[in-house]
Amino acid sequence: MKQRNRRPPREVWQQTRERIWQRDQGRCQGPYCQEQAIGSLPLKQAHIDHIVELSSGGRHGDENLRTLCRGCHTLRASPAHRGMISGALREGVIPADWRSLVWEG
Ligand SMILES: [Zn+2]
């Protein structure tokens with residue numbers, strides 16, 4: 001079971017990233033960007049998010065992946081994302097009152 005959740009080899013993951021990014025037309029699928037009809041992200045800046053987290057049994061299949069920007073990814077409620085908060089705060093990617101912006105889904 002553990003095996004299944006192991007991150008794929010880097011080359012495979014790079015291809016997956018690009019495929020998901022193209023499928024999503026480079027657009028962040030997060031709630032804040034959906035509201036604002038924000039433009040597309042460069043592939044390098046796109047975050048590929050596991051909709052069902054790996055820790056909850058989520059898979060690496062395309063149907064479980066989506067494109068997010070760094071801000072939406074950081075603000076998604078998930079213990080796995082907590083590590084991104086301090087850097088994002090420092091760099092102004094998320095505001096000081098980020099706690100009220102945390103989203104689920
Ligand atoms: Zn976003």
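Hi everyone. A word on terms before we start: when I say helix or strand, I mean a DSSP run, with at least four residues for a helix and at least two for a strand, numbered from the N terminus. With that in hand, the chain reads α-α-β-β-α-α along its sequence. Its radius of gyration is 14 Å, close to the 13 Å that the globule rule gives for 105 residues, so the chain is as compact as a globular protein of that length.

Do keep in mind that we are looking at a predicted model. How confident is the prediction for the chain, taken as a mean pLDDT? The mean is 89, and 94% of the residues reach 70 or more. Confidence is lowest in α2, with a mean of 84, and highest in strand β2, residues 65-68, at 97.

Now the overall picture. The C-alpha trace spans about 40 × 30 × 20 Å along its principal axes. Of the 105 residues, 18% count as buried. Looking at contacts between residues at least 6 apart in sequence, 52% of them join residues at least 24 apart.

Let's turn to the strands. Strand β1, residues 47-50, pairs with β2 in the antiparallel sense, over 4 bridges. If you want one pair to find on screen, try D49, whose bridge partner in β2 is R66. And which residues of β2 are buried on each side? On one side they are L65 and T67, and on the other R66 and L68, so to speak a strand with both faces covered. That puts R66 in two parts of our story: R66 is the bridge partner of D49, and R66 is buried.

Over to the helical side, and α1, residues 10-23. This helix has 14 residues and reaches 20 Å from its first C-alpha to its last, close to the 20 Å expected at 1.5 Å a residue. How many of the 14 residues of α1 are buried? The count is 1, and α1 is hardly covered.

My last stop is Q25, which sits in the loop between α1 and α2, the latter being residues 31-36. Most residues other than glycine have a negative phi. Q25, just after α1, takes a positive phi of about 55° instead. Is Q25 buried or exposed? Residues with 12 or fewer C-beta neighbours within 10 Å count as exposed. Q25 has 9 C-beta neighbours inside 10 Å, and therefore counts as exposed.

That's my tour, thanks for listening!

Terms used. Residues are numbered from 1 along each chain as its sequence is written. This is a predicted model: local features need pLDDT of at least 70, side-chain atom pairs count only at pLDDT 80 or more; totals for chains, interfaces and linings use all residues. A residue is buried if 20 or more other C-beta atoms lie within 10 Å of its own, exposed if 12 or fewer, and partly exposed in between; C-beta atoms are placed from the backbone. The expected span of a helix is 1.5 Å times one less than its number of residues. pLDDT is the predictor's confidence in each residue, from 0 to 100. The radius of gyration is taken over C-alpha atoms; the globule rule is 2.2 Å times the number of residues to the power 0.38. Two residues are in contact if their C-beta atoms, placed from the backbone, lie within 7 Å. Two strands pair if DSSP finds at least two bridges between them.
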